[in-house]
Amino acid sequence: MKPHFHKVPQSIQTSFSIRHDVEPNFGTIWHYHPELELHYIIRGEGVRFTGDKISNFSAGEMILLGENMPHTWHCKEEYFEEGSNKRVEAIVLQFLPNCMGSDFLFLPEAHLLLKLFEKAKKGMVIHGDTHKKLSGLLFQMVNAERLEKVVMLLSILNLLSETEDYTFISATYSFHPPDKQEKDRLNAVYNYTLSNFKQAITLEEIAAISNLTVTSFCRYFKLMTHKTYYDFLTEVRISHVCQHLIEDKLSIPHISSQCGFLNISNFYRQFKKVTGLTPVNYKRNYLQVKTFS
């Protein structure tokens, strides 16, 4: 779906941006910017939308997003409850590909950077030893000044350009910035879906949000997102199901009904279609990874 353009705030005295955020929640709009973004989540959990993928996020996740890759994080509902003492925390590094000058990218020693920036357009989840090294550098970089901060950026780029400790978020994804009308329409669909996914949502209902007929809306949504609206709605619901399975507090039938699935057989079918696993196997795999991590 088509996101909002976001102007990354930056001081005229700096060539890139790094910040350490501690907030009540993540609930940003679906957006994009020309800067690459290295996003390290220290605290928080919820649903992450990146490119054409919907996934859960939790503490410790580190991802590199390429230029103009649409993204947003949306915390679990409990983070938005009145009186909640939960907080999210993240370090966010944002930089343009040519922040150190266009000529820098064509130095023989920097040839791997262009390859890295191309890979980042698919989104990269960073893990392993690289994750450990980068998290330490990011904490140091927040408080670094002047040339020391630039040296740390180079160290980070060097690690990222040489590492194999990553998985792609999206195998193939392309995005072209939309006009304002498209952005407003699809953000309305996005926001309405996140607020109402627990209930039955009809095509007539969501088409009305878009000021389109059902036929026009279905054609439009498929053209913009490369998936049907119900495929998108199912992915949103399954991502919330996965959160509940990981928490391991409710029965599977209860979870499915809470997340908008009115038919248990359809729920099992859709869950396996989206995740490749049954709910029981998904939970078992998570618990095994947690035990050995």
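In this predicted model, strand 5 (residues 46–50) and strand 6 (residues 53–57) form a hairpin with two residues between them. Glycine 51 sits in the turn and has a positive phi of about 60°. The two strands run antiparallel and are joined by five bridges; within this pairing, arginine 48 stands opposite serine 55 in strand 6. Strand 5 is mostly covered, with five of its five residues buried.

Strand 5 also pairs with strand 8, again in the antiparallel sense and over five bridges. In that pairing threonine 50 stands opposite histidine 71 of strand 8. Four of the five residues of strand 8 (residues 71–75) are buried, so this strand is largely enclosed by the rest of the structure.

Histidine 71 leads to another part of the model, since its side chain makes a polar contact of 3.5 Å with the side chain of glutamate 37. Glutamate 37 lies in strand 4 (residues 36–43), a mostly covered strand in which six of eight residues are buried. Glutamate 37 is itself buried, yet it has no salt bridge. The nearest side chain of opposite charge belongs to arginine 19, 6.0 Å away; a salt bridge would require a separation within 4 Å. A second polar contact, of 2.9 Å, joins the side chain of glutamate 37 to that of histidine 33. The side-chain distances from glutamate 37 are collected below.

| Partner of glutamate 37 | Relation | Distance |
|---|---|---|
| Histidine 33 | polar contact | 2.9 Å |
| Histidine 71 | polar contact | 3.5 Å |
| Arginine 19 | nearest opposite charge, no salt bridge | 6.0 Å |

Leaving aside neighbours within four places in sequence, glutamate 37 is in contact with Ile63, Leu64, Leu65, His71, Trp73, Val92, Leu93 and Gln94.

Strand 4 belongs to an open sheet of six strands in the order 2-9-4-7-10-11, with antiparallel pairing. Strand 2 (17–23) and strand 11 (166–168) stand at the edges with a single partner strand each, so one side of each has no neighbour in the sheet. On average, neighbouring strands of this sheet are turned by 20° against each other, direction ignored.

Helix 2 (residues 128–143) packs on the sheet. This helix touches strand 2, strand 4, strand 7 (62–65), strand 9 and strand 10 (124–126), and its direction makes about 95° with that of strand 4.

The two pairings of strand 4 can be described in turn. With strand 9 (residues 88–95), strand 4 pairs in the antiparallel sense over seven bridges. With strand 7, strand 4 is joined by four bridges, and these strands also run antiparallel. Tyrosine 40 takes part on both sides: this residue stands opposite isoleucine 91 in strand 9 and opposite methionine 62 in strand 7.

Note on methods:
Residues numbered from 1 in each chain as written. Predicted model: local features only at pLDDT ≥ 70, side-chain atom pairs only at ≥ 80, totals over all residues. Heavy atoms only, no water. Buried < 20%, exposed > 50% of the residue type's maximum accessible area, 1.4 Å probe, protein only. Lys, Arg positive; Asp, Glu negative; His and termini not counted. Polar contact = N/O pair within 3.5 Å; in protein donor to acceptor, adjacent residues only side chain to side chain. Contact = heavy atoms within 4.5 Å. Pairing = 2+ DSSP bridges. Axes fitted to C-alpha atoms, helices over the stretch in contact; angles between N-to-C directions.
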